[in-house]
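Reader: Hi! Could you walk me through this model when you have a minute?
Author: Happy to, here it is.

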Amino acid sequence: MKQSALFTKTRKEAPSDETSKNAQLLIRAGYINKEMAGVYDLLPLGMKVVENIKSIVREEMNAISGQEFIMSSLQTKEVWTPTNRWDDDVVDVWFKSDLKAGGEIGFGWSHEEPIVEMMKNHVNSYKDLPVNVYQFQNKFRNELRAKSGLMRGREFVMKDMYSFSKDAEQHELFYQKTIEAYHRCYQRLGIGEDTFITFAAGGAFTEFSHEFQTICEAGEDEIYINREKGIAINEEVYNEKTLKELGITEDDLEKVTTAEVGNIFNFGTQKCEEMNLFFNDEQGKQTPIHLGSYGIGITRVMGVIAENMSDEKGLVWPEEIAPFTIHLLTFGKNENIFREAENLYHDLKKAGIEVLFDDRDLGPGQKLNDADLMGMPYRIVVSEKAAENGGVEITHRNSGEVEYVDPARVIAYFMEG
Ligand code: ATP
Ligand code: MG
């Protein structure tokens, strides 16, 4: 893409009411726009990042037999009453509205009850199980505090998956597969080293749950970790008994601030019993279904990456989720140089490499600042000075490493990795 055609502009300052680092950087670099506290628009660059994150998660969910679908955001009161979760005292994040035709509706903050209700039309027999479905969807939550930018939104993108199993064994098999798939997701998203699975106490309806916590200064949680032993303990279960069971002492653990990037729950058969979702087992007996629920905060992950992978100059995207792999810059009035940059742009595109070409009529200072702020993994400068140094200048955004490469070898440089 040519930068002159990109409608978003970078800006020197974020809005004065924006206090979180992730949103400040993403707004300044033109990835998102702030509508109100906790509510952001995804601009073309931001949408590309979200789509890249979704692609990774989608591949991993498909690989464990997840079927993608999409449910509505508008939900009926009736579907949430049997489990008592329509009540604002039980669920304190509801956004609700009234229908002009009469009746109340809610804006989906989760889809556990609606999906159980829907499955009544699709699951009758043990032969129909297991079923694993997932979606990427905007969730609405009336969060009391929304000061962490993308990390705590009132409208945000979540991947939510639900598993329906005939017994505890079938459930457990999928639950374990999901844990492994989640680890692969975070690894591919570039936060694997800093992401830990922790055992957590479940909510009112849950038997138990696991959280995936990523070390992040701007996070709201605290966990205790031992990297060598691969142990991570959630604050709520951190006590003498847990330490003893794990054969570890307080001195072996480091307390770190984290953000919850994923969460998985085992509902057992409780929710399906409450909502009357039964199947006919091998003996023809009506049996309640085991439900599992598995979330990943897609936009929260983007916020965490913006927080953790950035420096004083701007964003530093990992290659797998960057909107473009290369930011191609050219300086000066020399027409031959500009043509050389343009040719390189077309060649890179032809080779299937995502490239943003800064073809704007601006000085080097402004172009370099923008490239640093926007954070593509590689910057290529085509200029007279670079040519004198032996070709085009390739700078790695992350390490700052600089190389001069013969223009004819640039494609090979990227294709060979
Ligand atoms: P938290 O404790 O952070 O409020 P939660 O327990 O309410 O999270 P879930 O309902 O399990 O979260 O949602 C699944 C995932 O969605 C979370 O692990 C998190 O990554 C993400 N998420 C939850 N709330 C928000 C929010 N307000 N904004 C952005 N992402 C969120
Ligand atoms: Mg919450």
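Author: What follows is a chat about the fold, some charged pairs and one hairpin.

Reader: Great. Any ground rules before we start?
Author: This is a predicted model, where local features need pLDDT of at least 70, side-chain atom pairs count only at pLDDT 80 or more, and totals for chains, interfaces and linings use all residues. Residues are numbered from 1 along each chain as its sequence is written, chains are lettered from A and ligands numbered from 1 in the order in which they are written, and side-chain values use heavy atoms, with hydrogens and water left out.

Reader: How many helices and strands are there in the chain?
Author: The chain has 12 helices and 23 strands. These are DSSP runs numbered from the N terminus, with helices being H or I of at least four residues and strands E of at least two.

Reader: And what does the chain span along its principal axes?
Author: The C-alpha trace spans about 80 × 60 × 45 Å. Of the 417 residues, 53% are buried. Buried means under 20% relative accessible area, exposed over 50% and partly exposed in between, with a 1.4 Å probe and protein chains only.

Reader: Let's talk charges. How many salt bridges does a search of the whole structure find?
Author: The search finds 32, counting a side-chain nitrogen of Lys or Arg within 4 Å of a carboxyl oxygen of Asp or Glu.

Reader: Which residue forms a salt bridge with Glu-113?
Author: Arg-85 does, and the closest N and O atoms are 2.8 Å apart. Glu-113 lies in helix 4 (residues 112-119) and Arg-85 in the loop between helix 3 and strand 5 (95-98), so the pair ties together parts that are 28 residues apart in sequence.

Reader: Are those two buried or exposed?
Author: Glu-113 is buried because its relative accessible area is 0%. Arg-85 is buried too, with a relative accessible area of 9%.

Reader: What about Glu-104?
Author: Glu-104 forms a salt bridge with Lys-77, and the closest N and O atoms are 3.1 Å apart. This pair links distant parts of the chain, with Glu-104 in strand 6 (residues 104-107) and Lys-77 in helix 3 (residues 77-80), 27 residues apart. Glu-104 counts as partly exposed at 31% relative accessibility, and Lys-77 is partly exposed at 28%.

Reader: Which residues do salt bridges with shared partners join into one network?
Author: Before that, one more pair: Asp-88 and Lys-96 form a salt bridge, with the closest N and O atoms 3.0 Å apart. As for the network, Glu-59, Glu-60, Arg-184, Arg-188 and Glu-320 are joined through salt bridges that share partners.

Reader: Nice. Changing topic: how do strand 11 and strand 12 run?
Author: Strand 11 (residues 221-226) and strand 12 run antiparallel, joined by four bridges; strands pair if DSSP finds at least two bridges between them. Asn-226 has Ile-231 as its bridge partner in strand 12. The hairpin has four residues between the strands, and Gly-230 takes a positive phi near 65° there.

Reader: Which way do the residues of strand 12 point?
Author: In strand 12 (residues 231-234), Ile-231 and Ile-233 point one way and Ala-232 and Asn-234 the other, and all are buried.

Reader: Where is Leu-253 found?
Author: Leu-253 is in the loop between helix 6 and strand 13, and is buried with a relative accessible area of 13%. Leu-253 and Asn-226 are 5.2 Å apart in space, C-alpha to C-alpha, while 27 residues apart in sequence.

Reader: And Asp-251, buried or exposed?
Author: Asp-251 counts as exposed, at 74% relative accessibility. Asp-251 also sits in the loop between helix 6 (240-246) and strand 13 (254-268).
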